[in-house]
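Reader: I am in my first year and would like a close look at a single part of this chain. Please take me through one helix and what surrounds it.

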Amino acid sequence: MATKANVEELRKQLRDPEIQRNKAEYGLTIRNVIACMTLGMDVSPLFGEMTMAAATDDLIQKKLAYMYICRYADRFPDLAVLTINTLQKDCKDNSAIVRSLALRSLCSLRLSNLIEYIREPLLNGLTDDNFYVRKTAVMGCASISQFSSKLIEDLGIIDKLYAMLKDPHPLVISNCVVALDEIMVKEGGMAINKNIANYLLNNLRHFNEWSQCYILDMLHRYKPNSEEEICDILNLIDDRLQQGNSGVVFSAAKLFLKLTEYFKDIRDHVFRRLKEPLLTITSAGCPELAYVCLKHIQILLNESPRLFDDNYNSFYFRYNDPNYIKLQKLNILKTIVIANNASNVINELSSYVTDIDITIAVEAINCMGQIALQVVECSEHCMQKLILLLSLETDFITSHTLQVIKDLLRKYPWLADMFIPEINQLDEISQDPDGKCAMIWILGEFGQIIEKSPYLLEEIIENITEESSSTVKLHLMTATMKLFFKKPPECVSMLSKLFQYIINEESDMDVRDRGLFYYRLLCRDINKAEQIISMSRKEISTFAEGNTTDTNKAVKSSTFNTIKVLYNKNKDCDIEPNMYNQAINAFISSDDVDKSQVNQESQDEFSLNLQAITTPTEFEKQWFSISHSTTVVYKLKEKKTSHEFEHYFTSLGIVTIAASKPDQYPIKYFFFAQKKSSQENLLIECNADFNELTLSMNIKCSNSEIVNSLLIFLEKNLQTVGWLAS
């Protein structure tokens, strides 16, 4: 805020006769006042002096003074009357710029006691000889409608604006359209008939780009009477698809889709017509614009999957593409691939595996697998490329390649003959749990033709005490059982060791129960066990985890060219976060919590101090000083990385004090948080197993009510971002 001394100094300068006689110095003082106003300082006490400054022939000084008056007129309605004479006089000035400036300022005062002074200048402005004054008067009508709809009715402004649609200047016409749409908002916007629609469309090329976008969007409300009229409209806006402005192109495309929503034959032609403009925008230099265009292409492919078959190479990476562009291009490539181009696309994708960004490399590998699952003709070629990737001997590449190979073998078992020689040459198995699970599955499923299969599994069994992943242990048991039925002599000893550890030493109850089940099954009837464990399965046609087909593939014109496209919302619905609607009692026992306190606390705004921090020594001291704790377990919807997990918790105000290695599950974290209002500390021990999708927390605080509030706060935020399983 401006200090009293600063305002007084500016007042003295504005009143100083010597400064007033010096136009340059007086103008500089006025600029200083406006600069202070722009910075958010309160310079309203200078209203009287600035009102006097408006009576000048200097156009710049007049504009700055009017700007000030419009800003503070609502604080000094009585003093604002003093400006009316100057404004009305300027509305009759010989200069069109001065007339326009005065009229705009007059309509921007928004004071009910000045309405009677606006009538004549406004009507004169609507009929002024200069287009600049007319277009300003039109927008003044829209401004006045916000605080005096009665004046709009009394002056018959709506009829006058409709008549002005035939004005010779396009800027006046476009402003009339915007003003009518604003004034008639309660009636659903400007009414459009066939004559108005045709008139606007025929003159569309004369409007500026912003006006073209507005008019094209507004024409969605017009409903043509016949298919012939639709074709005429499409012909009139066809040249807008060749515009250099992307906003005009998207608005025209949206109108194309709207008009052909129920005409299948015309719609197919429209899709083909939209293809080239969209590809042109995609290749533009602006990555943000290219991303928006790629998202629109994605929703077009939902209805017309074969639209870009011949242009698949347009979606190859460019050297300067950011990651979000690359990921979207991968999504499109796996959608448009067919037998004719699948091999070329896979060759291109294999070159992306060495990308410096791990996310892109992983997605490229997964994309290769999904293409092979869709197009059987390229499955062998894809397997060859995947086998070559194993020779890179990079752990994350090996892990994800093995996962993709496993999926291919599930659908195409005959490809095993290509992969088996590579297994026999492997010296060690991937250390990543997912990659290890994939390799174990392959050894169990095709162990009869893999020479080293018993020895590879035996190596894992020998080190099972060091294995932290329950998923790996479950896969290992099933694979060893299958291999036992195929190669009993080599497997009986290691199967015995495995059961001995699982049944007697394993702490995970799911793993132990599975081990007991297999053991008792073998003891009961070994032949029945073989039938159950190694039963033949039907051929897989689709994968449930990869089935993301939208039940409503039609492109919604109402969502096209809106932000909903970026959020993958191809429906007529609002974008809003998931609301927290699950009872806290699912995580806190009723014995420990007073429900009335929980409900009252949840109603109050609970927030954490984002600046809170502590040292590991202080954390340890507080941890051992608090004896009681609250334990809660969450089930995650999908796998998260350690970086994502820590980053999100930090954004909530929960900071990491210490953590174990991110590649060994479960990862142990020690978190620290502090309630903002009471400054009470919260200490959290967290075990995150992203393979098992479980999150276990042990929370300590001297105040148990704050722990309950933290649990509500945590679950609400985790539900909002979609991390928790339903």
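Author: What follows is about helix α27 and a residue in contact with it. This is a predicted model, in which local features need pLDDT of at least 70, side-chain atom pairs count only at pLDDT 80 or more, and totals for chains, interfaces and linings use all residues. Residues are numbered from 1 along each chain as its sequence is written, and side-chain values use heavy atoms, with hydrogens and water left out.

The chain has 35 helices and five strands; these are DSSP runs numbered from the N terminus, helices being H or I of at least four residues and strands E of at least two. Helix α27 covers residues 453–462, and its buried residues are S453, P454, L456, L457, I460 and I461. Buried means under 20% relative accessible area, with a 1.4 Å probe and protein chains only. Seen down the axis of α27, these residues fall within an arc of 165°, so they line one face of the helix. The arc is that of the directions from the helix axis to the C-beta atoms. An α-helix has 3.6 residues a turn, so residues three or four places apart point the same way.

Two of those buried residues, L457 and I460, are in contact with I440, where contact means heavy atoms within 4.5 Å. I440 belongs to helix α26, residues 433–445. Between I440 and L457 there are 7.3 Å from C-alpha to C-alpha, and they are 17 residues apart in sequence. Leaving aside neighbours within four places in sequence, I440 also touches V472, H475, L476 and A479. With a relative accessibility of 0%, I440 counts as buried.

Note on methods:
Buried < 20%, exposed > 50% of the residue type's maximum accessible area, 1.4 Å probe, protein only.
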